[in-house]
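Trainee: Could you take me closely through the surroundings of the ligand, and then through the sheets of the same chain?

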Amino acid sequence: MCGIVGYKGNKNAQEILTNGLSCLEYRGYDSSGIAYFINNKIKIEKAIGQIKNLKNKINYKEKSNLGIGHTRWATHGKVNLDNCHPHQVGKITLVHNGIIENYGEIKKKLQQFGYEFYGETDTEVACALIDYNYKKTSNMLKAIKKSINTFIGSYAFLILCSDECDKLYATRNNSPLIVALNNEETFLASDVPAILNYTNKYYLLDNKDIVKIDEKINFYDENLKQVTKKIKKYEIENINISKGKYKHYMLKEINEIDDVVRKTVAPFIIDENTFQSKFNFLSKFEKIEIVACGSAYHAGLIGKYLIEKYSDVNIDINIASEYRYKKHKFNCKTLVIIISQSGETADSLAALRIAKENNAKTLGIVNVYESSIAREADDVIYTQAGPEVAVATTKAYVSQVAIFSLIAMYFKSKNESIKNDLKDLKNLPEKIRNILNKDFQKFAKLIYKQNDVFFIGRQIDYALCMEGSLKLKEISYIHSEAYAAGELKHGSISLIDNNTVVIAINTDKDISLKTISNIKEVKSRGAYVIYLTNDKNIKEKFYDKLILIDNISPLVSPMLAIIPLQLISYYVANLKKCNIDKPKNLAKSVTVE
Ligand code: F6R
């Protein structure tokens with residue numbers, strides 16, 4: 001993960017760098033730092049924690065026009081100032097996003113040449129290697145090229161050399177990096193938000209390209225042959241992202257879900273009875289492999305259950321970090337669907353590349369425009385969630401489920417009427433709004449002092465349990481587990497005793513009685529049961545508290561059922577006074593494997 005920014009121009013570099021880092025803080029917030037030239041010398045400032053701590057340390061009156069910055073999500077070494085970027089070894093100062101996998105080997109060799117290391121990071125070792133090669137070649141381009149020939153792993157580097165106070169170098173491999181321009185100014189960044197306040201024109205770097213910024217922007221390929229690049233334009237308007245009236249971005253984003261669903265499904269629906277056949281291409285596939293991480297995986301799991309119900313296509317669902325290492329059996333009738341909010345998740349991107357190398361067709365379901373997965377997939381469907389700032393995904397997750405709900409409707413429409421499903425989909429935003437207006441704090445009060453919470457459900461409800469459980473643990477730090485309701489008695493029911501909170505989800509009438517039996521099993525062992533259902537006619541009281549949602553088409557219902565779970569997690573974390581938008585140890589965009 002990590003966010004990096006670089007600047008060369010006529011404005012105050014410290015200000016542009018720290019503002020850029022604030023826009024990239026979602027990529028990591030363990031520590032941050034900047035390095036800039038001042039009177040031909042490099043000055044470095046670093047701070048632990050959020051960017052505001054760094055901003056407090058910086059003297060903005062100093063006049064600098066060139067510098068680099070970094071916000072860290074620790075991969076190698078503790079969160080301390082020694083491991084915080086920028087790193088400086090000899091004449092080289094740099095920031096890095098990615099992981100140099102063979103840094104241990106490189107470190108040993110450099111130690112033999114007399115290099116000593118102050119921290120534990122792979123980045124410091126990379127910095128030392130570039131310094132070593134610079135000493136040998138006295139040429140930065142050659143030193144960078146030689147070094148990247150040695151590195152194994154992913155990286156985006158921004159590099160300064162103390163001999164060249166008017167130049168900035170950069171290179172990348174499998175980590176995102178853009179070079180943006182505005183008249184005489186050049187900006188470098190991991191991601192577009194960092195530059196949107198200044199320009200929307202940018203270049204994309206290919207893997208192993210090197211860029212040298214002096215009076216102009218010079219691009220070189222990995223053989224140091226100078227190349228030209230096409231300017232791209234970011235067309236989405238620069239939305240002013242703020243919390244508005246909400247205490248946290250997460251709460252704001254949950255409250256946007258009704259609108260997000262409306263926007264995401266709109267392009268696919270012609271009118272109340274007619275469904276756009278944008279999914280016709282799906283008919284030619286015999287197998288669909290869905291691949292994603294975290295919440296996106298949970299959205300995919302719902303997709304699998306829904307599509308399987310209405311089609312004969314074989315659907316396989318995979319965690320991206322596992323998918324990469326399994327034995328693949330692709331053929332020309334296999335479609336690989338990669339789901340990713342950020343479009344940059346390293347494991348999902350790697351899975352996409354494996355599928356492409358094996359000639360499988362790929363479809364990205366992505367939220368961020370022009371992100372790596374959106375660019376590299378054969379086809380892309382954009383979810384219309386808009387920028388999601390809170391680290392825990394809510395609205396983007398629901399927009400991913402919305403796409404699968406549409407795909408399942410497409411398959412259903414081949415054999416049955418989908419009139420009622422479409423009607424429910426159209427009315428869904430209003431039903432979501434009704435839930436958003438309800439009070440879920442009372443449920444949070446029952447949970448926030450617990451050490452463990454269990455979520456149980458079957459089939460799609462089980463997939464919802466997985467997402468509900470992830471949301472709770474990631475933002476409130478309460479341990480929780482999601483169980484297929486029938487599976488608990490095969491071991492984990494031994495953990496249930498008096499007042500263990502169990503959140504039971506039961507929205508599928510075909511298997512409702514089975515789930516009720518499982519709820520009775522935990523209830524009779526003392527569990528405190530919060531029961532989420534769409535069944536208005538409950539005959540007996542086998543639960544303690546009830547959350548009743550509307551009974552709508554099963555193709556649409558998951559988008560409604562998840563909202564109470566998101567809100568309960570939010571209010572639990574709020575009662576515990578957690579850092580809800582930036583939970584500890586997490587980052588929004590997971591660009592390491
Ligand atoms: C949890 C969460 C993560 C992401 C996962 C994949 O709230 O946000 O589990 O869903 O890291 O990220 P994307 O969708 O960007 O590939």
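Mentor: What follows goes from the ligand shell to the two sheets.

The model is a predicted one, and every distance and area below should be read with that in mind. Around the ligand stand 15 residues, and Ser340, Gln341, Ser342, Thr345 and Glu474 are the closest of them. Sorted by character, this shell holds 6 nonpolar residues, 7 polar ones and 2 charged ones. In terms of domains, at least three residues of the shell come from domain 2 (243-436), and at least three come from domain 3 (438-581).

Oxygen atoms of the ligand have backbone as well as side-chain atoms of the protein within reach of a polar contact, for which the cut-off is 3.5 Å. At Gln341, a backbone N or O atom is placed 2.6 Å from a ligand oxygen, and at Val391 a backbone N or O atom is placed 3.4 Å from a ligand oxygen. With Lys471 the side chain takes part, since one of its N or O atoms is 2.8 Å from an oxygen atom of the ligand. Taken on its own, the ligand has 410 Å² of accessible area, and the protein covers 89% of this. Two elements, helix H8 (294-310) and helix H15 (460-476), each contribute two or more residues to the shell.

Turning to the sheets, one of them is open and has 5 strands, paired in parallel and ordered E24-E23-E25-E26-E27. Its edges are formed by strand E24 (479-484) and strand E27 (545-548), each of which pairs on one side only. On average, and with direction ignored, neighbouring strands in this sheet are turned by 20 degrees against each other. At one end of the order, strand E23 (residues 452-457) is joined to E24 by 6 bridges in the parallel sense, and within this pairing Ile456 has Tyr483 of E24 as its bridge partner.

The other sheet is also open but has 8 strands, with antiparallel pairing and the order E3-E2-E4-E1-E10-E9-E11-E15. Strand E3 (41-48) and strand E15 (232-233) are at its edges, and because each has a single partner strand, one side of each is left without a neighbour in the sheet. Further inside the order, strand E1 (residues 3-8) runs antiparallel to strand E10 (residues 185-189), the two being joined by 4 bridges, and here Tyr7 stands opposite Phe187 in E10.

Methods. Residues are numbered from 1 along each chain as its sequence is written. This is a predicted model: local features need pLDDT of at least 70, side-chain atom pairs count only at pLDDT 80 or more; totals for chains, interfaces and linings use all residues. Side-chain values use heavy atoms; hydrogens and water are left out. A residue is near a molecule or strand if one of its heavy atoms lies within 4 Å of it. A polar contact is a pair of N or O atoms within 3.5 Å; within protein, one must be able to donate a hydrogen and the other to accept it, and residues adjacent in sequence count only if both atoms are side-chain atoms. Accessible areas come from the Shrake-Rupley method with a 1.4 Å probe; for residues, only the protein chains shown count as cover. Ala, Val, Leu, Ile, Met, Phe, Trp, Tyr, Cys and Pro count as nonpolar, Asp, Glu, Lys and Arg as charged, and the others, Gly among them, as polar. Domain bounds come from an automatic or database domain assignment. Two strands pair if DSSP finds at least two bridges between them. Axes are lines fitted to C-alpha atoms, for helices over the stretch in contact, and angles run from 0 to 180 degrees between N-to-C directions.
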